[in-house]
Amino acid sequence: MAKFSEDTYDLALRLIKRYPEGKQKSALIPILHLAQAEFGGWLSAEVMDYVASILNIKPIEVYEVASFYSMFNLKPVGKCLIEVCRTAPCWLKGSEDIIQYIEKKLSIKDGETTKDGMFTLKTVECLGSCGTAPMMQCGHKYYENLTTDSVDEIISSLKEQNQAQVYVSNDFFREN
Amino acid sequence: MGRKVLLEHDHIEGINTYEVYRRMGGYRSVEKAIKTMSPDEVVEEVKKSGLRGRGGAGFPTGMKWSFLAKPAGVARYLVCNADESEPGTFKDRYLMEKNPHILVEGMITASFALGANTSYIYIRGEYFYLVKILERAIAEAYAAGFLGKNILGSGYDLDLYVHPGAGAYICGEETALLESLEGKRGNPRMKPPFPAIAGLYACPTVVNNVETIAAVVPIVNLGGEEYAKIGIGRSTGTKLISAGGNIKKPGVYEIEMGISVEDFIYSDEYCGGIENDLELKACVPGGSSVPILPKDLLLKTAAGETRLMSYESLSDGGFATGSMLGSGGFFVYDQRACIVRSTWNFSRFYHHESCGQCSPCREGTGWMEKILHRIENGHGKMHDIDLLVDVASKIEGNTICPLGDAAAWPVAAAIRHFREEFEYHIKYPEKVKDPKHFHKTPFRGLKNVYA
């Protein structure tokens, strides 16, 4: 059975208190983010059921939300989920070349994971980086003004770190 | 140099900290409002300022506030829309990253005006690093006594929270945002009832864009009438423009509304001209949802007047020959850009982002993407162009929320202004095989093509 660390569980309870009594379901998306960060970068049915139990809602209420939002992964992904923006402002600045370059470099296509489980490539829609295009996101970090050289550097450095890149850490939230 | 009221201090080191922000005059609007004004007086100043919603619709903010229902004993909410997802737009991100306290300050002053005791900043999940920045700013404001119980000894209480989304363009639509904030799928609600009557948890709610909320700070500090002197006509104040695409100096610029589009693109103070000194081909002036304009109609209106950066001037001529200021997501295409490929790209975006609730949008966006894909890749037929216009016209106005319109408009506008380019793709499929087909030889009209 999936279970949050003590720290994360406390944070989840604090987040629930941000909403009026009886409206604890509002904390669902923030808590799903915490769960995804803690349980390997994706949301299994077991993890979603656990989140439902914390919020005292039905599992289906979690599934229908998790399947709606593009940041929630319902299948395993690599340690580093590389999300490259493909929308027009990035396209104007060469995102197609960047995507092709990464596909070739990692020998994977959009949506696939490298054999060693290190990288998953995903093309995504506008991430609000149109003035610093082309760009990609990995975890909570934005990598902007990409060139093939900078992509090389980023990928080697991610390999070297060999750490799961997550959207959120518990310390992003203040203690209240 | 134009006047700046939002990015005035963004170059000052440490402006993201409470200490420096306060030293530069931060949180004065809270003191002024809470100590010397009634909530209604604050609303009155916002009305006088002429401020219009900066998220894209341009609806007068003071009027939106005055619609808020105030039944006794029912909570009211202010929700800041920081879901910024409109392609081409990155101004809110810039503002929150550089100067998070101006948003926190605006939230406090606006919440006081509306009588909200709990307020939320709904921010797109991809901006998680900004959640950290905002959370810190909010903690500092609590510590300084500007948030929490009995603010400045006035008896007014306010709690402010950041709430992350999880990747859904549709959550920028205010009722979808409220659904999402309630922990549900981001499906827009039928209106009426409007959020002002039944919004978050069915309570009266105001939803405002980041820039709109931030603008409340200078409005209260200067007074509504003084703020209204900035800008032109009914486009009062300053506007943050996210400039991107093929220009020399992309970035976020605060402009006084009323400067000319030509100045904005070519002056060194702003975009600095077209990258590599190529020719300007077209521009989307207000985020991906607004009609694209070819160079001629961008710089001058159909009547031959200079086109200005204002709500009125950019929409002059309606959709036949004009566009919209929208969210200020301004991106520029040089001569090498293919309008068909760009339009296909947008259709793919709207298809991906349609929530799926309304059939015309769910199905229509998919069909537009498919048809545009085949035209762009040299498999189109001449009747596909009219088919696209037909599909677009059947989405527009037939959906619960404006995403359908936003998907239809760019397609209709691209065909309206660049029909020959679509015809070229169909007539000369072998010439568009290379994805960068206009890089070597820009398209200059069908009569210039020798097959």
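1. Strand 1 of chain A is covered on both faces in this predicted model: C80(A), I82(A) and V84(A) are buried on one side, while L81(A), E83(A) and C85(A) are buried on the other. Put as a count, six of the six residues in this strand, which spans residues 80–85, are buried.

2. The pairing of strand 1 of chain A involves two partners, to which it is joined in opposite senses: six bridges join it to strand 2 (residues 119–124) of chain A, and these two run parallel, whereas three bridges join it to strand 3 (residues 136–138) of chain A, and here the strands run antiparallel. I82(A) takes part in both pairings, standing opposite L121(A) in strand 2 of chain A and opposite C138(A) in strand 3 of chain A.

3. On the domain level, the assignment for chain A gives domain 1 as residues 6–74 and domain 2 as residues 80–161. The centres of these two domains of chain A, taken over C-alpha atoms, are separated by 28 Å.

4. Helix 7 of chain B, which comprises the 16 residues 128–143, reaches 23 Å from its first C-alpha to its last, close to the 22 Å expected at 1.5 Å a residue. Its buried residues include the aromatic pair F128(B) and Y129(B), together with L130(B), V131(B), L134(B) and I138(B), but also E135(B) and E140(B). The buried residues of this helix pack against elements of both chains, namely helix 2 (28–38) of chain A and, within chain B, helix 1 (18–23), helix 5 (91–98), helix 6 (100–114), strand 2 (118–123) and strand 3 (159–164). Just after helix 7 of chain B, G145(B) adopts a positive phi of about 85°.

5. T236(B), which lies in strand 6 (residues 235–236) of chain B, counts as buried because its relative accessibility is 7%, and the cut-off for buried is under 20%. A polar atom of the T236(B) side chain lies 2.8 Å from the backbone oxygen of S49(B), and a polar atom of that side chain lies 3.2 Å from the backbone oxygen of G50(B). Leaving aside neighbours within four places in sequence, the contacts of T236(B) also include L51(B), R54(B), Y227(B), I230(B) and M257(B).

6. As for the nonpolar cores, the largest has 175 residues, and Y69(A) and Y333(B) are those with the most contacts inside it. Helix 18 (residues 403–427) of chain B gives the most to this core, contributing twelve residues. A second, separate core has 25 residues, among them I241(B), V261(B), Y311(B) and L325(B).

How values were computed
Residues numbered from 1 in each chain as written. Chains lettered and ligands numbered in written order. Predicted model: local features only at pLDDT ≥ 70, side-chain atom pairs only at ≥ 80, totals over all residues. Heavy atoms only, no water. Helix = DSSP H or I, 4+ residues; strand = E, 2+ residues; numbered from the N terminus. Expected span 1.5 Å × (residues − 1). Buried < 20%, exposed > 50% of the residue type's maximum accessible area, 1.4 Å probe, protein only. Contact = heavy atoms within 4.5 Å. Polar contact = N/O pair within 3.5 Å; in protein donor to acceptor, adjacent residues only side chain to side chain. Core = buried A, V, L, I, M, F, W, Y, C linked by side-chain atoms within 4.5 Å. Domains from an automatic or database assignment. Pairing = 2+ DSSP bridges.
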